[in-house]
Amino acid sequence: MKIIHFLFFYCLTNLLVAQTATISGYIRDENGESLVGATAVHVESSKGSSSNQNGFYGLTVPTGYIDLQYSFIGFEKKTVHILLIHDTIINIALEANTQTLNEVEVKSSKDILTNGISTVKLSIEQIKKIPAIGGEVDIIKALGLMPGVSNGTEGSSGLYVRGGTPDQNLILLDDAVVYNPSHLLGFLSVFNPDAIKNVELIKGGFPARYGGRLSSVLDITMREGNYQKRKMEVGIGIISYVLRRNVL
């Protein structure tokens, strides 16, 4: 009898202690590309979480039968009904919304999105619209057109941010440090514009997680690619064609 009482109180204690559990995972589209800023909402408590730059989310909710609703702009909402007992991993793939919407025209005097102190965000679509010499799209040279940023003298490929030198900039490619962002005497960039998703330049007040740099932080995020089907993009540039022909 004492053993039964002990087991009863032991199970009851575990139930009282483990009243919450964490749900985490990745939110992606049907092609496997991560969705940045997608939301996961616990319907019963209206508590939610948004996915980070890699599409990862985390949410701590009470255990039991729960409903989770996943949503993202331009995609169909998806609701998941589960029995939550312990920490669980749920990966969600959202489908694009194919319904025809009424046209909405938004006009702005600037194409640059700013977020935070001295932060400039550029999409690769905006960078490709900038005229490029010889048809070579260069992210470093495109950033030289931003306020407080210059490319220095002709033939140089570094960024001079607010009077600083190129070695005072931190350049990250998917959190990996890039020490030399160019080759062939600065004529070609090491960044393939077709593989880049987002470019963020922080000219001041950058967070402590980037370490100690004096001038700026250039954070570049690459596309994850299409996991469902094979696609290719072909481009021809005069400079790269001539240089590769003479070098090779």
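Two residues are in contact here when they have heavy atoms within 4.5 Å of each other. The structure is a predicted model, and that contact rule is applied to its coordinates in what follows.

Take F191 as the starting point. This residue sits in the loop between β16 (188–189) and β17. Apart from neighbours within four places in sequence, F191 is in contact with I139, I140, I171, L173, V178, P181 and I220. Its relative accessible area is 4%, and because the limit for buried is under 20%, F191 counts as buried. The C-alpha atom of F191 is separated by 7.5 Å from that of D138, although their positions lie 53 residues apart along the chain.

F191 belongs to a wider group. In soluble globular proteins, nonpolar side chains tend to be buried together. The largest nonpolar core in this model has 20 residues, and F191 is listed with I127, I139, L143, L159, V199 and L218 as having the most contacts inside it. Two or more residues each come from β10 (119–123), α2 (124–129), α3 (139–143), β17 (196–202) and β18 (216–222). Of these elements, α3 gives the most, with four residues. A second core, separate from this one, has 19 residues, including A21, A40, Y57 and I66.

Two further members of the largest core show how its parts meet. V199, with neighbours within four places in sequence left aside, is in contact with V120, K121, L122, I127, I139, L143, L218, D219 and I220. L159 lies in the loop between β11 (149–150) and β12 (160–161). At a relative accessible area of 5%, L159 is buried. Its contacts, again without neighbours within four places in sequence, are I140, L143, G144, V149, S150, N151, T165, P166, N169 and L218. L143 and L218 are thus in contact with L159, and both are also in contact with V199. L159 is also 9.4 Å from S215, C-alpha to C-alpha, with the two positions 56 residues apart in sequence.

The next topic is open space. Rolling a probe the size of a water molecule over the atoms shows where empty space is left. The largest pocket found in the model has a volume of about 1,000 Å³. It is lined by 34 residues, and those closest to its centre are E33, I196, K197, R223 and E224. The elements β10, α2 and β17 each supply at least two residues of the lining; these three also give two or more residues each to the largest nonpolar core. By type, the lining divides into ten nonpolar, ten polar and 14 charged residues.

Some of those charged residues lead to the salt bridges. Side chains of opposite charge can pair when their charged atoms come close. With a cut-off of 4 Å between nitrogen and carboxyl oxygen, the count comes to two salt bridges. One joins R28 and E224, at 2.7 Å from N to O. R28 lies in strand β1 (residues 20–29) and E224 in the loop between β18 and α4 (238–247), so this pair ties together parts that are 196 residues apart in sequence. Both partners are partly exposed, R28 with a relative accessible area of 24% and E224 with 28%.

The other salt bridge is between K197 and E33, whose closest N and O atoms are 3.4 Å apart. K197 is in strand β17 and E33 in the loop between β1 and β2, so parts 164 residues apart in sequence are tied together. Here the partners fall into separate classes: K197 is partly exposed at 23% relative accessibility, whereas E33 is buried at 10%. E33, K197 and E224 are also among the residues closest to the centre of the largest pocket.

The last topic is the backbone. Most residues other than glycine have a negative phi, and most peptide bonds are trans. S46 is not a glycine, yet has a positive phi of about 60°. This residue is in the loop between β2 (39–42) and β3 (47–50) and counts as exposed, at 61% relative accessibility. D174, also not a glycine, has a positive phi of about 55°. D174 is placed in the loop between β13 (169–173) and β14 (176–177). At 43% relative accessibility, D174 counts as partly exposed.

Definitions and conventions:
Residues numbered from 1 in each chain as written. Predicted model: local features only at pLDDT ≥ 70, side-chain atom pairs only at ≥ 80, totals over all residues. Heavy atoms only, no water. Core = buried A, V, L, I, M, F, W, Y, C linked by side-chain atoms within 4.5 Å. Buried < 20%, exposed > 50% of the residue type's maximum accessible area, 1.4 Å probe, protein only. 1 Å grid on protein atoms, 1.4 Å probe; cavity = no way out; pocket = protein on both sides within 12 Å on 5 of 7 lines; lining within 4 Å. Points joined across faces, edges and corners; volume = space filled by probe spheres on them. Nonpolar A, V, L, I, M, F, W, Y, C, P; charged D, E, K, R; others polar. Salt bridge = Lys/Arg side-chain N within 4 Å of Asp/Glu carboxyl O.
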